[in-house]
Amino acid sequence: QVHLVESGGGLVQAGGSLRLSCTASGSTSRIKPMAWYRQVPGKQRELVASCSDGGSSNYADTVKGRFTISRDSATNTVYLQMNSLKPEDTAVYYCNAGIYILGNRYDYWGQGTQVTVSS
């Protein structure tokens, strides 16, 4: 089992910045990729950025060049630095951690943190 706790959401004006944090506890040694997703009402949850346990990352096209994902293995924390925020970035952001047991992937989710960008 993995427990994820997020923090750092809030209200910011367009062009501003926010930093999200997500700290994992429990079976953290099993965690492979960690990622941030976001969801707005009525739409599917979408991948924002992911980071492998080896440090490689990838981003949604909509956030490339503005968001940066990073990971601190010592504290089992993943961060999402969000710069040049736009109103369309408004969403609930969820932290995700994937573990693999006997070849099967199991996903764990945080409770979500609201990010609101005003125009």
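I'll start in the sheet: the bridge partner of Met34 in S5 is Cys51. Keep in mind that this is a predicted model. Met34 also has a bridge partner in S9, and there the residue is Ala97.

Now the strands themselves. S4 and strand S5, residues 46-51, run antiparallel and are joined by 5 bridges. S4 and strand S9, residues 91-101, also run antiparallel, with 7 bridges between them.

S4 and S5 form a hairpin with 6 residues between the strands. In that hairpin, Gly42 takes a positive phi near 85°.

Next, the aromatic rings. How many aromatic pairs does the count come to? The count is 1 aromatic pair. The two residues are Tyr37 and Trp109, and their arrangement is edge-to-face, with 4.9 Å centre to centre and 70° between the planes. The cut-off for edge-to-face is over 60 degrees between planes.

Where do the two rings come from? Tyr37 is in strand S4, residues 31-39, and Trp109 is in strand S10, residues 104-109, so the pair ties together parts that are 72 residues apart in sequence.

Staying with Trp109: is this residue buried, partly exposed or exposed? Its relative accessibility is 38%, and Trp109 therefore counts as partly exposed. Trp109 has a charged neighbour as well, since Arg45 lies over the face of Trp109, at 4.6 Å from the ring centre.

There is another arginine to point out. Arg19 has its charged end over the ring of Tyr79, 4.0 Å from the centre of that ring.

To recap on Trp109: Tyr37 pairs with Trp109 edge-to-face, and Arg45 lies over the face of Trp109.

Conventions:
Residues numbered from 1 in each chain as written. Predicted model: local features only at pLDDT ≥ 70, side-chain atom pairs only at ≥ 80, totals over all residues. Heavy atoms only, no water. Phe/Tyr/Trp six-rings, centres within 6.5 Å; stacked < 30°, edge-to-face > 60°. Helix = DSSP H or I, 4+ residues; strand = E, 2+ residues; numbered from the N terminus. Buried < 20%, exposed > 50% of the residue type's maximum accessible area, 1.4 Å probe, protein only. Lys NZ or Arg CZ within 6 Å of the ring centre and 35° of its normal. Pairing = 2+ DSSP bridges.
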